[in-house]
Amino acid sequence: MSEDCIFCQIVNGEIPARTVYEDDDVLAFLDANPLAPGHTLVIPKEHRETLDEVPPEPGEMMFAAIHYLTPIVEDVVDADATNIGFNNGEAAGQEVPHVHGHIIPRFEGDGGQPIHAVAGERPDLSDEKLDEIAEAVDDRAEGEHEV
Ligand code: 5GP
Ligand code: ZN
């Protein structure tokens, strides 16, 4: 628990929220300033600022909850689709420093953008650079993830 964290206060029932799902590790509630009807936030109950700080188990539970909740939210608000995303770190636009996944319902003709709209100008990357990045990630991912 982080004293001045809004989402920790929601977990502890100190400030109200429209909770839609809860288990031992995860809480999900409606966004107070929704981008669409049904806009839902899914958080680990333990305070962690960014995804790299979340231990494997609550991390897996959080993604499991997103997987479980998304079709339910879509159904309830009669959405045509959803964008699922994390503003993971301040430079990516994260304002509340407690990890949260957004489930944002989308509707045909709603005037919104795909997730590609979040980044800046597209970089011009050579094939060599792309190979180098892919190999580096592949090497690290193989070494560090235990399944
Ligand atoms: P971020 O930019 O950090 O990814 O998004 C934070 C989200 O939390 C925003 O969409 C904002 O509307 C939502 N939010 C901020 N404060 C509260 C709150 O007290 N209650 C709820 N339910 N949502 C909040
Ligand atoms: Zn917190």
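Along the chain, the donors of the zinc ion (ligand 2) are spaced as C-x2-C-x38-H-x50-H. This is a predicted model, in which local features need pLDDT of at least 70, side-chain atom pairs count only at pLDDT 80 or more, and totals for chains, interfaces and linings use all residues. Residues are numbered from 1 along each chain as its sequence is written, and side-chain values use heavy atoms, with hydrogens and water left out.

**Zinc site**

- Cys5 (SG), Cys8 (SG), His47 (ND1) and His98 (ND1) are the protein donors of the zinc ion (ligand 2), at 2.1 to 2.3 Å; donors are N, O and S atoms within 2.8 Å of the metal (3.2 Å for Na, K and Ca).
- The arrangement is tetrahedral because the four donor atoms subtend angles of 107 to 117 degrees; four donors count as tetrahedral if all angles lie between 85 and 135 degrees.
- For four tetrahedral donors the ideal angle at a metal is 109.5 degrees.

**Burial of two donors**

- Cys8 is buried, its relative accessible area being 2%, whereas His47 is partly exposed at 24%.
- Buried means under 20% relative accessible area, exposed over 50%, and partly exposed in between (1.4 Å probe, protein chains only).

**Ligand 1**

- In the side chain of Asp31, an N or O atom lies 2.4 Å from an oxygen atom of ligand 1.
- The side chain of His100 likewise places an N or O atom 2.6 Å from an oxygen atom of ligand 1.
- A nitrogen atom of ligand 1 is 3.2 Å from a backbone N or O atom of Ala32.
- Of the 520 Å² of accessible area that ligand 1 has on its own, the protein covers 80% (Shrake-Rupley method, 1.4 Å probe).

Key: Chains are lettered from A and ligands numbered from 1 in the order in which they are written. Four donors count as tetrahedral if all angles lie between 85 and 135 degrees; four count as square planar and six as octahedral if opposite donors are over 155 degrees apart and all others between 65 and 115; anything else is irregular. A polar contact is a pair of N or O atoms within 3.5 Å; within protein, one must be able to donate a hydrogen and the other to accept it, and residues adjacent in sequence count only if both atoms are side-chain atoms.
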